[in-house]
Amino acid sequence: HHENSSSGGGGGIDDFGNETSYETLSGSSFRFDRTKSGSSIFVSGNGLQATYGANESWKTMIGSVPFSAGRNHWEIRIDSSTTAYLFIGVATRKADLTSFLGGDAEGYGYIGDRALYHKRTKVKVYGERFGEGDVVG
C-alpha cells in the first residue's frame, strides 16, 4: 500500500526457546505468507498471526503484500515473547528464510534491542526497545 497508512506487517522472528507471536490487525490487506516462511513458523489460517516455536535458531518470514515505491506504514503487535531478539523490517522475496531479517543483502531488520541490521552487520543504533505487548509501526 503506497503513500497511505495501512495495518499489517512482516518480519523475522528469533526465539531462543521461547514462543513468540506476532499479529496484524483485522481488515488489513496484509497477511503473513506461509509459503515464504522459515521452518517452525506457524501461520494462522487467515494469515494474520504467526507463531515461532523452535529453539536457538533464526528464521524469517515474508508478508503477502509487496511494495516497491512510495511511503509505506504497517504495524505489528507482539502478543507474546520473553526476548527482545525479534526483527521487524523489509526484505525482497529472495531473502534467506533460514537467517535473521537483515542477515543478508536482501533485507533490513530492526531488532527489539535497538539496532538496524543489513548484510549481517549492525548498521546503526536505531529506534526504541520493543517486546511483548508492544505495537511496532
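This is a selection-by-selection tour of a predicted model.

**Whole chain**

Start with the protein chain in a cartoon view. The secondary structure comes to 0 helices and 12 strands, so the pattern along the sequence is β-β-β-β-β-β-β-β-β-β-β-β, with strands being DSSP runs of E of at least two residues. Switch to a surface: about 7100 Å² is exposed, and carbon and sulfur atoms supply 47% of that area. Of the 137 residues, 45% count as buried. If you draw a contact map and keep contacts between residues at least 6 apart in sequence, 55% of them join residues at least 24 apart.

**The sheet β8 to β11**

Select β8 (87-91), β11 (121-125), β9 (107-111) and β10 (115-118). These belong to an open sheet of 4 strands in the order β8-β9-β10-β11, paired antiparallel. β8 and β11 are the edges: each has a single partner strand, so one side of each has no neighbour in the sheet. From one strand to the next the twist averages 25°. Strands of a sheet pair through backbone hydrogen bonds, either parallel or antiparallel.

Now show the backbone of β8 and β9. The two strands pair in the antiparallel sense over 5 bridges. Two of the bridge partnerships can be picked out by residue: A91 with G107, and I88 with Y110.

Move on to β9 and β10, which are antiparallel over 4 bridges. Here Y110 stands opposite L116 in β10. The two strands form a hairpin with 3 residues between them. In that turn, select R114, which has a positive phi of about 80°.

How much of β9 is covered? Colour the strand by accessibility: 4 of its 5 residues are buried.

**Y110 and the aromatic pairs**

Keep Y110 selected and add Y126. A pair of aromatic rings is described by the distance of the centres and the angle of the planes. The ring centres of Y110 and Y126 are 5.0 Å apart and the planes meet at 90°, so this pair is edge-to-face. Y110 sits in strand β9, while Y126 is in the loop between β11 and β12 (135-136), 16 residues away. Which of the three accessibility classes does each ring residue fall in? Y110 counts as buried, at 14% relative accessibility. Y126 is partly exposed, with a relative accessible area of 38%.

The count of aromatic pairs comes to 7. For another group of rings, select W58, F87, F100 and Y117, which ring pairs link into a cluster.

**The loop between β8 and β9**

Select A105, which is placed in the loop between β8 and β9. A105 is partly exposed, with a relative accessible area of 48%. Put a distance label from its C-alpha to that of T92: the separation is 9.2 Å in space and 13 residues in sequence. Next, list the contacts of A105, not counting residues up to four places away in sequence: the residues touched are H118 and K119.

**S37 in β3**

Go to strand β3 (residues 32-37) and select S37. Is S37 buried or exposed? With 17% relative accessibility, S37 counts as buried. Display the side chain of S37 and find the backbone oxygen of D33, which it reaches at 2.9 Å. With neighbours within four places in sequence set aside, S37 is in contact with V43, T60, M61 and L97.

**Positive phi outside glycine**

The last stop is best viewed on a Ramachandran plot. Most residues other than glycine have a negative phi, and most peptide bonds are trans. S40 has a positive phi, near 70°. Select S40 in the loop between β3 and β4 (41-43). S40 is partly exposed, with a relative accessible area of 28%.

Then select R120, found in the loop between β10 and β11. R120 is a residue other than glycine whose phi is also positive, near 65°.

Terms used:
Residues numbered from 1 in each chain as written. Heavy atoms only, no water. Pairing = 2+ DSSP bridges. Axes fitted to C-alpha atoms, helices over the stretch in contact; angles between N-to-C directions. Buried < 20%, exposed > 50% of the residue type's maximum accessible area, 1.4 Å probe, protein only. Polar contact = N/O pair within 3.5 Å; in protein donor to acceptor, adjacent residues only side chain to side chain. Contact = heavy atoms within 4.5 Å. Phe/Tyr/Trp six-rings, centres within 6.5 Å; stacked < 30°, edge-to-face > 60°. Areas by Shrake-Rupley, 256 points an atom, 1.4 Å probe, with all protein chains shown as cover.
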